[in-house]
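Here is a friendly briefing to read alongside the structure. Take a moment to look at the model, then follow the topics below one by one.

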2 protein chains.
Amino acid sequence: MNILAIDTSTSLASIAIVVDGRTAAEATFSTDRTLSARLIPEIEHLLAFAGVTIADMDLFAASIGPGSFTGVRGGVATVQGLALAGGKACVGFSSLTLLAMNFPLAAHPVCALLDARKSEVYAALFDCSTAVPTPVMADCVLPPENLLDRLRETTVNPVVFCGDGAVRYHDLIAERLGAQAVFAPFPHNIARATNGALLALHTFRNGEELTPAQLLPVYLRASEAEINRIASM
Amino acid sequence: MNILAIDTSTSLASIAIVVDGRTAAEATFSTDRTLSARLIPEIEHLLAFAGVTIADMDLFAASIGPGSFTGVRGGVATVQGLALAGGKACVGFSSLTLLAMNFPLAAHPVCALLDARKSEVYAALFDCSTAVPTPVMADCVLPPENLLDRLRETTVNPVVFCGDGAVRYHDLIAERLGAQAVFAPFPHNIARATNGALLALHTFRNGEELTPAQLLPVYLRASEAEINRIASM
């Protein structure tokens, strides 16, 4: 099975082309306000590297969040378009699960953290001892202090922290959890789309693929525009 | 510190640009006999994505093998050229260590395996419980049967197998080791250059950087040309 998977939920976008169950090409790059200009050209670039065309893809997968509103919308819309045009199925996956997949068979639970701005983080805790991480604490948005209080109460073992939220709140985490916190080496703070292809494959094999219209972002909190609208009512 | 790291030891090449200790861009792609045509253009492509130039790099790093003779030579030569031209230091790293770094904090030892052709594998065993893997069995080349005999005698815990050698000899490994063998999910069978940048950073901080002339491939066995020359003597 051939899969095109993308993650555009953070300031680093990732694209993977999987051909016959093997990674043929993967790129992860800074988007820096240029995602819309870079995403399609880079998909074309990677398809050429992999020696395939968009018509060869059987399944399209995108991160549905949490993360950057605009980024997630752009990624989901791109995959919806590709799947609709080609009459193919699509699949969504969590950006936090994707991040946790950097730690296959890890000895400790993995806390994936993305900076949600406004002094909050998107967070989830996973058992990574299996091929696909098992959620221990579901995706949520909360102040990092509250997350750390919760982890301190419920977890005895060390916890591995990864993601841009772990970088942003490194000192706070170290101060609150001490030796209970293990920080990801920097290569493992970024999400890679090939792991999204693996998640998509599992979802597809479970018969849970979606039509393009069913692929929807999960924001966890209201957008800035919605908050402003409610505040002005 | 800014680092350009490349791995060209297998049929998938990987390039990473690390800026100020964070991954700015990474690409991993099939080379398929086109490495020499693809490597420099892709380095330029990633530098542009990262918003930096080659002159901004402080350190150049390449995989020195084991792996494809031609691939390793091409990667080492490229890094030698870049470092020499810019008056910068360079660092080499093992392609097998790079592969094992896909399993940070893994609960089990990790056996990195590359297909060495001629019914042999390049192999090494690592303890991945630290940021940089600790070798338990050093890089070597041997028939997979011999490797499995050795692992069966010395290892009690499950062993994680990764790399294109683990894919090629999947059935043999499963037959000989049974439940003692755990196979990497497919995203973790490919090496990613960002991990090479982390290895390079550790080497540099230990004061073990090299001049371009000192960066040399490690082949583990004689090349086809050398074998033929000796056989004809």
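The side chain of A:Thr8 reaches the backbone nitrogen of A:Gly75 at 3.4 Å. That same side chain also reaches the backbone oxygen of A:Gly71, at 2.6 Å. Keep in mind as you read that this is a predicted model.

**A:Thr8 and its surroundings**

- You will find A:Thr8 in the loop between β1 (3–7) and β2 (12–19) of chain A.
- Is A:Thr8 buried or exposed? Its relative accessibility is 3%, and buried means under 20%, so A:Thr8 counts as buried.
- Leaving out residues up to four places away in sequence, A:Thr8 touches A:Ala13, A:Leu35, A:Leu39, A:Gly71, A:Val72 and A:Gly75.
- Two of these neighbours are already familiar to you: A:Gly71 offers its backbone oxygen to the polar contact at 2.6 Å, and A:Gly75 takes part through its backbone nitrogen at 3.4 Å.

**Chain A as a whole**

- Chain A contains 8 helices and 10 strands.
- For a chain of 233 residues, a compact globule would have a radius of gyration near 17 Å, and the 18 Å of chain A agrees with that.
- The C-alpha trace of chain A spans about 50 × 50 × 30 Å along its principal axes.
- How much of chain A is buried? Buried residues account for 56% of its 233 residues.
- Take the contacts in chain A between residues at least 6 apart in sequence: 63% of them join residues at least 24 apart.
- The exposed area of chain A is about 9500 Å², with carbon and sulfur atoms supplying 54% of it.

**How the two copies are related**

- A turn of 180° and a shift of 0.0 Å along the axis lay chain A on chain B with an RMSD of 0.0 Å.
- The two copies are therefore related as by a two-fold rotation axis.
- Of the interface residues of chain A, 100% are also interface residues in chain B, so the copies meet through the same surface.

**An exposed loop residue in chain B**

- B:Arg33 sits in the loop between β3 (22–30) and α1 (35–50) of chain B.
- Is B:Arg33 buried or exposed? Its relative accessibility is 85%, and exposed means over 50%, so B:Arg33 counts as exposed.
- B:Arg33 and B:Gly71 are 38 residues apart along the chain, and their C-alpha atoms are separated by 9.2 Å.

**Strands β1, β2 and β3 of chain B**

- Strand β2 (residues 12–19) of chain B has 7 of its 8 residues buried, so it is largely enclosed by the rest of the structure.
- On one side of the story, β1 (residues 3–7) of chain B runs antiparallel to β2(B), joined by 5 bridges. B:Ile3 stands opposite B:Val18 in β2(B).
- The hairpin formed by β1(B) and β2(B) has 4 residues between the strands.
- β2(B) also pairs with β3(B), in the antiparallel sense over 8 bridges. Here B:Ala16 stands opposite B:Glu26 in β3(B).
- How many residues lie between β2(B) and β3(B) in their hairpin? There are 2, and B:Asp20 in the turn has a positive phi of about 50°.

**Strands β6 to β9 of chain B**

- Strand β6 (residues 110–115) of chain B is mostly covered, with 5 of its 6 residues buried.
- β6(B) pairs with β7 (residues 121–127) of chain B in the antiparallel sense over 6 bridges.
- In β7(B), B:Val121 is the bridge partner of B:Asp115, and B:Tyr122 is the bridge partner of B:Leu114.
- The hairpin of β6(B) and β7(B) has 5 residues between the strands, and in it B:Arg117 takes a positive phi near 60°.
- In which sense does β6(B) pair with strand β9 (residues 159–162) of chain B? These two pair in the parallel sense over 3 bridges, with B:Val110 standing opposite B:Val160 in β9(B).
- β7(B) is mostly covered too, as 6 of its 7 residues are buried.
- β7(B) pairs with strand β8 (residues 134–142) of chain B in the antiparallel sense over 6 bridges, and B:Leu125 stands opposite B:Met137 in β8(B).
- The hairpin that joins β7(B) to β8(B) does so through 6 residues.

Note on methods
Residues are numbered from 1 along each chain as its sequence is written. Chains are lettered from A and ligands numbered from 1 in the order in which they are written. This is a predicted model: local features need pLDDT of at least 70, side-chain atom pairs count only at pLDDT 80 or more; totals for chains, interfaces and linings use all residues. Side-chain values use heavy atoms; hydrogens and water are left out. Buried means under 20% relative accessible area, exposed over 50%, partly exposed in between (1.4 Å probe, protein chains only). Two strands pair if DSSP finds at least two bridges between them. A polar contact is a pair of N or O atoms within 3.5 Å; within protein, one must be able to donate a hydrogen and the other to accept it, and residues adjacent in sequence count only if both atoms are side-chain atoms. Contact means heavy atoms within 4.5 Å. The radius of gyration is taken over C-alpha atoms; the globule rule is 2.2 Å times the number of residues to the power 0.38. Accessible areas come from the Shrake-Rupley method with a 1.4 Å probe; for residues, only the protein chains shown count as cover. Copies are superposed by least squares on the C-alpha atoms of residues with pLDDT of at least 70 in both.
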